[in-house]
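Colleague: I should like to go through this structure step by step, with a question and a reasoned reply each time. Shall we begin?

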Amino acid sequence: MSIDWAGPAPQRVAVISDSLEHAGDLALRLGDLFQLEFFHPDELSGAGPGELTFVDINLKDAARVSTLKRWLERRPKHGQAIFGINRGSRHESIQAYAIGATDVLPRPVDGELLLLRFSGGSSSFATHSVQSTRESFAGISVCMDSLQNIFAAAVSGEMPDMQMLNAASAEIVERIDEDGLGRWLDILRKHHSQTFQHSLVVTAVAVSFGRSLGFHAIDKQRLASAGLLHDLGKARIPIEILEKPTPLSEAEVAIMRTHPQLGFEALRDAPGLHPEMLDVILHHHEYLDGSGYPHGLHENEISDLVRTVTIADIYGALIERRPYRAPMSGTEAYQILQDMGSKLDKDLVRAFRALAQSVD
Ligand SMILES: [Fe+2]
Ligand SMILES: [Fe+2]
C-alpha cells in the first residue's frame, strides 16, 4: 500500500511577468504552493488563459496592457486573474480591474494569501459595484466607481482623488477609441442612477466629439475630465429633486440651477485641479447670447472647452433615457441644438453634425 504524503497536487497557475527579477522572486515565494508556468506578456499563448492566472507586470506599458487585456477576455467562465500591484495604489487597482483582474494583491505577494484568494477567499480591494458589472463592461464599472467616489467626496466636503479622476478619464478615452460611442451608450442607458448616467453620457459624447475633430489623447482626456466633473455640484442637490421621476416645479428648477456654483465651491481649493475644470463646472450652462446662468456670460467670456462641453451636455441630456420620456434619436437631438441658434457656437455645432446623427 502506498501513502500519498504530498496531499493533493498543487494547482497550476500561469504567471505573467515582464521582469526576470520579479519572476525569480515569485518562484521562491509561490513555488512550494503552486505548479507555476511562467509567460512573458509578449509571448501569450493563442489559446487564452487557463483557470488560474497571476499577473505581475508594469501596468504603464500601454501596448502590453492592451494585448494582455484581450488575452484575459478569453479566460474560462470562472477563471481567475489576480494582479500584483504596488501597495495602496488606487490607480493601479483601478487599472488592473479595467484590464480584467478578478482580484488584486499588494506586492510582495504572500503565497498563502494568494492560495486563499484562488480558493475563493474574499477580497478587501474589490468593491461590489466593480464586481457586479465587470463582466458586462469593465471600463464603465470602473468609471462609475470613480465617479461615485468623486461625488461622495464632494458631498462630504473632502477633496476628490485626482489620480482616480485621471484614471477614469484615461479609461473612457480608451473605451471610446476601441468600442465607439454607440456601444458605450447602449450599456449606460441601462444604468439606474440618472446623474451618474448623465455624467458618463456627456463624457462619452464629449470624448467622441474630440475624437471626430482629430484631437490628441491629452485633449480627449481633458474633455473626459470636464465631462465627469461638469455636474459635480449635483452631489449637493437634494436627491428627491435630483432623481425626481416627473418634471421639476419652478422652485425646484431654481434649486437645481445652483449646481454650477455648488460644484465650483466644492472643488475651488482642490489641489492639482486645472482652473479650466472649474470654468467648465461653473459655466457649462452659459450661452453665447448671454441668456445662460449663473453669470449671464457672453461670447468671448466663454472658453472653447466650455462651449464644447455645453453642446455635449445638452445633446447628452436629450438622448438619455429619462423616467418620463423616451430618449430622442441623435437626429432629433441635433435638430434641437441647431434650433438654439446663437446660444451655441455655430461652428462647433456644424462640426458635431455627423457624430450627433450617428446615434440611433
Ligand atoms: Fe449641469
Ligand atoms: Fe449636465
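Colleague: Which residues coordinate the iron ion (ligand 1)?

Modeller: Please note that this is a predicted model. Donors are N, O and S atoms within 2.8 Å of the metal, and the donors of this ion lie at 2.1 to 2.2 Å. One is an OD atom and three are NE2 atoms. The residues that coordinate the iron ion (ligand 1) are Asp231, His259, His284 and His285.

Colleague: What is the arrangement of the four donor atoms around the iron ion (ligand 1)?

Modeller: Four donors count as tetrahedral if all angles lie between 85 and 135 degrees. Here the angles run from 85 to 173°. Because of these angles, the arrangement is irregular.

Colleague: What spacing do the donors of the iron ion (ligand 1) follow along the chain, and how many residues apart are Asp231 and His284?

Modeller: The donors follow the spacing D-x27-H-x24-H-H. Asp231 is in the loop between helix H8 (217-229) and helix H9 (239-242), while His284 is in the loop between helix H12 (275-283) and helix H13 (304-319). The pair thus links distant parts of the chain, and its separation is 53 residues.

Colleague: Is Asp231 buried or exposed?

Modeller: Buried means under 20% relative accessible area. Asp231 has a relative accessibility of 1%, so this residue counts as buried. His284 also has a value of 1%, and therefore His284 counts as buried.

Colleague: Which residues are the protein donors of the iron ion (ligand 2)?

Modeller: The donor atoms lie 2.2 to 2.3 Å from the iron ion (ligand 2). Their spacing in sequence is H-x31-H-D-x81-D. With angles of 81 to 169° among the four donor atoms, the site is irregular. The donor residues are His198, His230, Asp231 and Asp313.

Colleague: Where do His198 and His230 lie, and how many residues apart in sequence are the parts they tie together?

Modeller: Both His198 and His230 are buried. The site they belong to is that of the iron ion (ligand 2), whose donors are spaced H-x31-H-D-x81-D. His198 lies in helix H7 (residues 194-212) and His230 in the loop between H8 and H9, so the parts tied together are separated in sequence by 32 residues.

Colleague: Which residue bridges the iron ion (ligand 2) and the iron ion (ligand 1)?

Modeller: The two iron ions lie 3.4 Å apart. One residue appears among the donors of the iron ion (ligand 1) and also among those of the iron ion (ligand 2). The bridging residue is Asp231.

Colleague: How many salt bridges does the count come to?

Modeller: A salt bridge is a side-chain nitrogen of Lys or Arg within 4 Å of a carboxyl oxygen of Asp or Glu. Asp18 and Arg64 form one of them, at 3.9 Å from N to O. Asp18 is in the loop between strand S1 (11-17) and helix H1 (20-30), and Arg64 is in helix H2 (residues 62-72), 46 residues apart. The count comes to 15.

Colleague: Which residues are linked with Asp18 and Arg64 in a network of salt bridges?

Modeller: Asp18 is partly exposed, with a relative accessible area of 22%. Its side chain meets that of Arg64 in a salt bridge. The residues linked with this pair in the network are Asp42 and Asp61.

Colleague: What is the N to O distance in the salt bridge between Arg222 and Glu276?

Modeller: Arg222 is partly exposed, with a relative accessible area of 30%. The distance between the side chains of Arg222 and Glu276, from N to O, is 2.7 Å.

Colleague: How many charged residues are in the lining of the second largest cavity?

Modeller: This cavity holds about 50 Å³ of space. Its lining residues include Arg307 and Asp345, whose side chains meet in a salt bridge of 2.9 Å, N to O, and both of these residues are buried. By class, the lining has five nonpolar residues and one polar residue, and the number of charged residues is four.

Colleague: Which residue does a cis peptide bond join to Tyr293?

Modeller: The omega angle of this bond is about 5°. The partner lies in the loop between H12 and H13. The residue joined to Tyr293 is Pro294.

Definitions and conventions: Residues numbered from 1 in each chain as written. Chains lettered and ligands numbered in written order. Predicted model: local features only at pLDDT ≥ 70, side-chain atom pairs only at ≥ 80, totals over all residues. Heavy atoms only, no water. Donors = N, O, S within 2.8 Å, 3.2 Å for Na, K, Ca; no water. Tetrahedral: all angles 85-135°; square planar, octahedral: opposite > 155°, others 65-115°. Helix = DSSP H or I, 4+ residues; strand = E, 2+ residues; numbered from the N terminus. Buried < 20%, exposed > 50% of the residue type's maximum accessible area, 1.4 Å probe, protein only. 1 Å grid on protein atoms, 1.4 Å probe; cavity = no way out; pocket = protein on both sides within 12 Å on 5 of 7 lines; lining within 4 Å. Points joined across faces, edges and corners; volume = space filled by probe spheres on them. Nonpolar A, V, L, I, M, F, W, Y, C, P; charged D, E, K, R; others polar.
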